[in-house]
Amino acid sequence: MPVRTANAEWKGDLKSGKGLINTQTKTLSYVAYDAGSRFESGSTTNPEELIGAAHSACYSMALANSLSKEGFKVNSIRTEDKVHIEKLDTGFTITKIEISTVGDVEGIDSASFKKFAEQTKTGCPVSRALKGPEMILTANLKS
């Protein structure tokens, strides 16, 4: 399986600094992010928004796949994530992700759809990653 890459560079301190995010596909190419958009409101992106985008995309795909494998015709799955960040004693922490999904699926009842949706909550790859994947760090100081 391929390994996907993204990178970010931050310049300055937290309050007045700015950063840029890039992805391998160039879908995000020098996209700005800053602390104002993260902890207050602003017009640039932020890590929590990107986590919500990644998870909702993965979740929608995984749910559609599960339903299709069982023979249901999936017209669409739309998922929205609300990612909550709070300041705790240990520091800023993502404390909750609210997942809201709506399916346009032929031949399924509400109870069955909810069962598939619940299974997908723990089954999609990004959901599993958010539970804590192994992280391997290489850190070098520029000389």
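## Sheet

In this predicted model, three strands form an open sheet in the order E1-E2-E3, and their pairing is antiparallel. Strand E1 (6-11) and strand E3 (31-33) are the edge strands, each pairing on one side only. From one strand to the next, the twist averages 25°.

Strands of a sheet pair through backbone hydrogen bonds, in either a parallel or an antiparallel sense. Here E1 and strand E2 (residues 18-23) are joined by six bridges in the antiparallel sense. Asn 7 has Asn 22 of E2 standing opposite.

## Position and burial of Asn 46

The loop between helix H1 (35-39) and helix H2 (47-69) contains Asn 46. Is Asn 46 buried or exposed? Its relative accessibility is 10%, and buried means under 20%, so Asn 46 counts as buried.

Lys 26 is 20 residues from Asn 46 in sequence, and the C-alpha to C-alpha separation of this pair is 17 Å.

## Surroundings of Asn 46

Which residues are in contact with Asn 46, leaving aside its neighbours within four places in sequence? They are Tyr 33, Ser 37 and Arg 38. Tyr 33 falls in strand E3 (31-33), while Ser 37 and Arg 38 fall in helix H1 (35-39).

The side chain of Asn 46 has polar partners in the backbone. With Ser 37, the side chain reaches the backbone oxygen at 3.1 Å. With Glu 48, a polar atom of the Asn 46 side chain lies 3.2 Å from the backbone nitrogen. Glu 48 belongs to helix H2 (47-69).

Technical notes: Residues numbered from 1 in each chain as written. Predicted model: local features only at pLDDT ≥ 70, side-chain atom pairs only at ≥ 80, totals over all residues. Heavy atoms only, no water. Pairing = 2+ DSSP bridges. Helix = DSSP H or I, 4+ residues; strand = E, 2+ residues; numbered from the N terminus. Axes fitted to C-alpha atoms, helices over the stretch in contact; angles between N-to-C directions. Buried < 20%, exposed > 50% of the residue type's maximum accessible area, 1.4 Å probe, protein only. Contact = heavy atoms within 4.5 Å. Polar contact = N/O pair within 3.5 Å; in protein donor to acceptor, adjacent residues only side chain to side chain.
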